[in-house]
Amino acid sequence: MASKAKSNQRDRAHEISGHSLNPRPKAKMVGRKTPWATSTTLERACDVLRLFTPQKPHWTISELARHLNVPKSGVFRLVKTFERKHFLQSGEDSYEYELGSGIWELTGTVFGKRQRLVEKASPYLRDLNKTTGLLVSLRVLENEQMVIVDRVEGNDPVKVIFPVGARQPVNHGAPGKLLLAYHYPPDSNQFHELILRGKITRLTDRTLTDRRRLQEELNKVRRLGYAISDGEAIRGTIGIAAPVWNSSGQVAAALALTAVESSCNMKQLLKYLPELRRTAENISKALGDGTARKIFR
């Protein structure tokens, strides 16, 4: 009896300490995929972007939904998110979307309708750079902002960094004023709405933000056919810009020369104005515009 009592005491002690004399077999661990291993939404978003190719650069939301065999509502949310982040863009009067400047900024490569503009203009930008030794850039308007679609670095050791795909305020320097003048005529309702919505940004103490003074400046740009900036975008830099016209008679882009003021003053920069305007005219002709008088009026 004494021996049996001692045995029972040992059993209770093992149970209290968590060690059973006859432990149950451990449950077999079943491998399972963690919920964060993949993201269905992200995969679908990647599928959407991969459809935009040089062979088919434009898609409607309905086309995307049919091609991917997914609900249109889901594609709509993805496309609108991409549009808000500038990875996709749509035309003003079109339901079609194409790759936007967010992609350009990541890759340094322009796609879609801007691609033809860059392909036609690129050789002329390089020639202008060789002639002037200055930073040459090509800029367009997109969603009330200016976007750099091409550039050739200048020879000055002090660099002004404007990468392809970079977005800038609509009134950024000479190219901004030029695009403003032609896309938002100074006396139009569109121009007044732009002012009211605060799209004209004060970048330096020289930036024109007063409505009347800016209207006078933009009318001057339209009259002369080029724009000048003296420290209005970045202090210590100066620039000039001329319009590039497309086959529809619209200003497609601004061709700009930018210099660091410490190595090139405005008088020296303006010596390159005839070459800048000739280059803009040549690009315009390459795009199908046949009326050079627009640039020189």
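Let's begin where helix α9 begins: there, a side-chain oxygen of Asp210 comes to within 3.3 Å of the backbone nitrogen of Arg212. Keep in mind that this is a predicted model, as you follow the helix along. Helix α9 covers residues 211–224, which makes 14 residues. From its first C-alpha to its last it reaches 20 Å, close to the 20 Å expected at 1.5 Å a residue. Just after the helix comes Gly225, and its phi is positive, near 85 degrees.

Now turn the model and look at the two sides of α9. Which of its residues are buried? They are Leu214, Gln215, Glu217, Leu218 and Val221. Looking down the axis of α9, you'd see these buried residues fall within an arc of 165 degrees, so they line one face of the helix. There's a handy rule behind such patterns: an α-helix has 3.6 residues a turn, so residues three or four places apart point the same way. And what does the face turned away from the buried side carry? There you'll find the exposed residues Arg212, Arg213, Glu216 and Arg223.

So what do the buried residues of α9 pack against? Their partners are α7 (173–183), α8 (189–196) and β6 (227–230).

Let's pick one residue from α8 and zoom in. Phe191 lies in that helix. Is Phe191 buried or exposed? Its relative accessibility is 0%, so Phe191 counts as buried. Leaving aside residues up to four places away in sequence, Phe191 touches Tyr184, Pro185, Pro186, Arg211, Leu214, Gln215 and Leu218. Among these contacts you can spot Leu214, Gln215 and Leu218, which we've already met as buried residues of α9. You can also check Phe191 against Ala181: the two are 10 residues apart along the chain, and their C-alpha atoms are separated by 9.1 Å.

Next, let's go hunting for charged pairs. Side chains of opposite charge can pair when their charged atoms come close. How many salt bridges does a search of the whole structure find? The count is 12. One of the pairs is Lys56 with Glu63, where the closest N and O atoms are 3.7 Å apart. Lys56 has 31% relative accessibility, so this residue counts as partly exposed. Glu63 counts as partly exposed too, because its relative accessibility is 24%.

Another salt bridge joins Lys199 and Glu144, with 3.9 Å between the closest N and O atoms. This pair links distant parts of the chain, 55 residues apart. Lys199 sits in the loop between α8 and α9, while Glu144 sits in the loop between β3 (135–142) and β4 (145–152). Lys199 is partly exposed, with a relative accessible area of 33%, and Glu144, at 22% relative accessibility, counts as partly exposed.

The loop between α8 and α9 also holds Asp205. The side chain of Asp205 meets that of Arg235 in a salt bridge, at 2.7 Å from N to O. Here again distant parts of the chain are linked: Arg235 is in the loop between β6 and β7 (237–245), and the two residues are 30 apart. Arg235 counts as partly exposed at 44% relative accessibility, whereas Asp205, at 59%, counts as exposed. Finally, some salt bridges share partners, and through them Glu144, Arg197 and Lys199 are joined into one network.

Methods. Residues are numbered from 1 along each chain as its sequence is written. This is a predicted model: local features need pLDDT of at least 70, side-chain atom pairs count only at pLDDT 80 or more; totals for chains, interfaces and linings use all residues. Side-chain values use heavy atoms; hydrogens and water are left out. Helices (H or I, at least four residues) and strands (E, at least two) are DSSP runs, numbered from the N terminus. The expected span of a helix is 1.5 Å times one less than its number of residues. Buried means under 20% relative accessible area, exposed over 50%, partly exposed in between (1.4 Å probe, protein chains only). The arc is that of the directions from the helix axis to the C-beta atoms. Contact means heavy atoms within 4.5 Å. A polar contact is a pair of N or O atoms within 3.5 Å; within protein, one must be able to donate a hydrogen and the other to accept it, and residues adjacent in sequence count only if both atoms are side-chain atoms. A salt bridge is a side-chain nitrogen of Lys or Arg within 4 Å of a carboxyl oxygen of Asp or Glu.
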